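Work through the exercises below with the sequence and the 3D view at hand. Try each task before reading its solution.

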Amino acid sequence: MSTADANASDLPPLPTPLQLYERLYTVRAFESIMEDESKAGRLPGTFHSSVGQEAVAVGVCANLTNADLVVSNHRGHGHFLAKGGDIYKIMAELFGREDGYSAGKGGTQHMAGTEVGFMGSNGITGGGIPVATGLAMALKRKKTNAVAVSFFGDGAANQGTFHESLNMAAIWKLPVIYVCENNGWGMSTPVETVSAGPSIAQRGAGYGILYVAVDGNDLDAMLDQVRAALNMVKSGETPVLIEARTWRVKGHSRSDQNLYRDKNVEQTWSDRDPVRLYRSRVLERRQASEAELTAIEARVDGVMRETLERCRKLPPPRPEITFEKIYATPPDPKAPDPSQTPLAEGTFETKAYWQAIQEALSEAMDRDPRYYIFGQDVCEYGGCFKVTRGMFEKYGRERIVNTPISEASIAGVCVGAGMGGVRPVGEFMFMDFILLAFDQLLNHAAKFHYIYNGQIKVPIVMRTPMGGYRGYGATHSQCLDAMLMKLPGIHVVTPWSPRDAKGLLASCLEAENPVVFVEHKALYGTNGPVPKQSEKIPLGKANIVRAGKDITLCANSYMVSLSLQAAEKLKADGIEAEVVDLRCLAPLDRDTVAQSAARTQALVLVEEGHLTGGWSAEIAASVQEMAFGYLDAPILRVAAADVPVPSAPELERAMLPSVEKIVAAAKKALENRG
Ligand SMILES: Cc1ncc(C[n+]2csc(CCOP(=O)(O)OP(=O)(O)O)c2C)c(N)n1
Ligand SMILES: [Mg+2]
């Protein structure tokens, strides 16, 4: 690419050579002084030095404004400084102090400064690439002229998310620049031993996007190529992949003694040090005098020393902040639950579960144009289970978006888009496929608000159907809801009734937390009363769907149906079972279950997922902590046996919960009554 085709007027004016040199030198000085601190054991955790790579960070960021959004990786201090991050707040974060960008919750690898468009560094190699892609999607949907930039390494270019993201950015012409800092190494692994193809840059050709390889140690070359790339991206024609060839001067991280590299090669790169190279150019071109450059160096060194002294004296963070800012919209245990008011004649209609879900989606979309649906085959096909049927005809291709089969990046792009201020509602065709997206959901969506100390919100709802009883076999039948509740920061909602499905989804869509909204295949066609007037049912409140005095059956999702049938059978034997529908796994309403169990003095937990590590184990543990003295019988669990879900109906029946198994468990619990 060349600047010949560049429409430079659209871009911010370039800083002067002196200013550029100051930026390069600032990154160098920061990294040098802080690596010493780290090696002296004064910083918690690890340290990834970007010494040697300064011209990439500065060359990219000097062309950006605060409206342009950067996602960085583990080696991100230089990117943040170059983007305009405050030296004191970055340094304080490295010390783990409250004045730091993340108040000590993020540390060296997890910092954001949204005021300068720095949308987070990231400890997951390649994890930030779809996030930047999603930010670009948000920028485009909001019709801004800004761009997103993803910094990542040569190692990250071998992650699936790299390929998925390039593909998505290409098909949707997203305003994103992918900047691969090829520093020759992924830890101790040379790039050429793990990367096929002629070059990382040329991988762009496979996706039909513009790509270029550039000398990443040459600031002028970087500035030039990035400017050209920005013009191409801003013209709306193509995302761009830039491979910046550079060198990691230091070991990979604090603990790396850097013993595996050829000293001659190191020397060659050292001769091309980007800071010295630019310094001598500036002198050669008479853009500054030696005295001016030395004065800059002295000033920057002074700032670093003073800032360091200040940071060394900072007090440790207050322990109580550990428990703050997990959720953008914290669950409110006192929120009124409209579903506890019985529906009067004429105030409701009978609706199917799928229809109730669609209504909640449509109401959000009608209210706010930022909402859109994002998933595989959600357009003309209406989604695999037809929940979005007819919506494409109503809302069109802008708001009902078919995606490639790229679950990790479906999630990652939703994360980025949500961060960027639009409201994607993602769909995974079957819950089994969510395993491909766990990193984005659990390492990113669930953590960003917390680790960036509340600067970043991830308001996304990811819908997906779970469940067996249909003979789909092991990869299309699983209930993985309990796997998601293990990590804080993400809500897991598993509605049973159509009314709950609509009311809970309405709450999820309005709040600004990441949510996995788990539907059930066997429930889509079931009917129930849904109020004509829209309502929001708060998350984290279990619902007693049948009152009883002899035993509590606690279930979620489709298991509520089976538990109610079991309760009918038990009634014939004179046993009055109370049925509690958990409705959400996160937040988890332990109180309602414990109170019910305390009343009935017996508890059977009914979970469709596998027994081991299920939510029922969590509830059982909690109830015995909270209500041990009231229980009159051991808590029993009915759950899927610990085998993969087989396909043949007889085999499936053998391992999944059934009405008979629930009845048997209830009777056994009562027999055991002390
Ligand atoms: C998903 C994941 N796998 C592995 C790691 C461990 N790890 C951290 S950085 C790194 C090397 C990354 O190489 P590259 O992308 O080239 O970046 P560089 O360190 O060279 O800047 C590895 C293996 C990680 N953090 N995340
Ligand atoms: Mg590398």
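The exercises cover a ligand shell, two helix pairs and two sheets.

The model is predicted, so local features need pLDDT of at least 70 and side-chain atom pairs count only at pLDDT 80 or more, while totals for chains, interfaces and linings use all residues. Residues are numbered from 1 along each chain as its sequence is written, and chains are lettered from A and ligands numbered from 1 in the order in which they are written.

**Exercise 1.** Find which residues come nearest to ligand 1.

Solution. Start from the 16 residues around ligand 1 (a residue is near if its C-beta atom, placed from the backbone, lies within 6 Å). Those that come nearest are Thr-125, Gly-153, Gly-155, Ala-156 and Gly-186. Next, look for elements giving two or more residues to this shell: they are strand S2 (148-153) and strand S4 (185-186). Helices (H or I, at least four residues) and strands (E, at least two) are DSSP runs, numbered from the N terminus. Last, sort the shell by class: 5 residues are nonpolar, 8 polar and 3 charged. Here Ala, Val, Leu, Ile, Met, Phe, Trp, Tyr, Cys and Pro count as nonpolar, Asp, Glu, Lys and Arg as charged, and the others, Gly among them, as polar.

**Exercise 2.** Describe how helix H6 (residues 160-172) packs against helix H15 (residues 407-419).

Solution. The angle between H6 and H15 is about 70 degrees, and their axes are 9 Å apart. Axes are lines fitted to C-alpha atoms, for helices over the stretch in contact, and angles run from 0 to 180 degrees between N-to-C directions. H6 is therefore roughly perpendicular to H15; angles under 35 degrees count as roughly parallel, over 145 as roughly antiparallel, 65 to 115 as roughly perpendicular and the rest as oblique. On the H6 side, the contact (C-beta atoms, placed from the backbone, within 7 Å) is made by Gly-160, Thr-161, Glu-164, Ser-165 and Met-168. H15 supplies Ala-408, Ser-409, Gly-412 and Val-413. By class, this contact has 3 nonpolar, 5 polar and 1 charged residues.

**Exercise 3.** Do the same for helix H4 (residues 87-94) and helix H12 (residues 290-312).

Solution. H4 and H12 pack at about 45 degrees, with axes 10 Å apart. The two helices are therefore oblique to each other. H4 brings Ile-87, Tyr-88, Met-91 and Ala-92 to the contact, and H12 brings Val-303, Thr-307, Leu-308, Arg-310 and Cys-311. The classes are 7 nonpolar, 1 polar and 1 charged.

**Exercise 4.** In the open sheet of 7 strands, find which strands stand at the edges.

Solution. Write down the order, S10-S9-S11-S12-S14-S13-S19, with mixed pairing. Two strands pair if DSSP finds at least two bridges between them. Strand S10 (400-402) and strand S19 (584-586) each have a single partner strand, so one side of each lacks a neighbour in the sheet. The twist averages 20 degrees from one strand to the next. Inside the sheet, 6 bridges join S12 (residues 461-466) to S14 (residues 515-520), and these strands run parallel. One residue to locate is Arg-463, whose bridge partner in S14 is Phe-517.

**Exercise 5.** Give the strand order of the open sheet of 5 strands and name the helix that packs on the sheet.

Solution. The order is S16-S18-S17-S20-S21, again with mixed pairing. At the edges stand strand S16 (543-546) and strand S21 (636-640). Neighbouring strands are turned by 25 degrees against each other on average, direction ignored. Helix H20 (residues 558-572) packs on this sheet, touching S16, S17, S18 and S20. The direction of H20 makes about 175 degrees with that of S18.

Definitions and conventions:
Contact = placed C-beta atoms within 7 Å.
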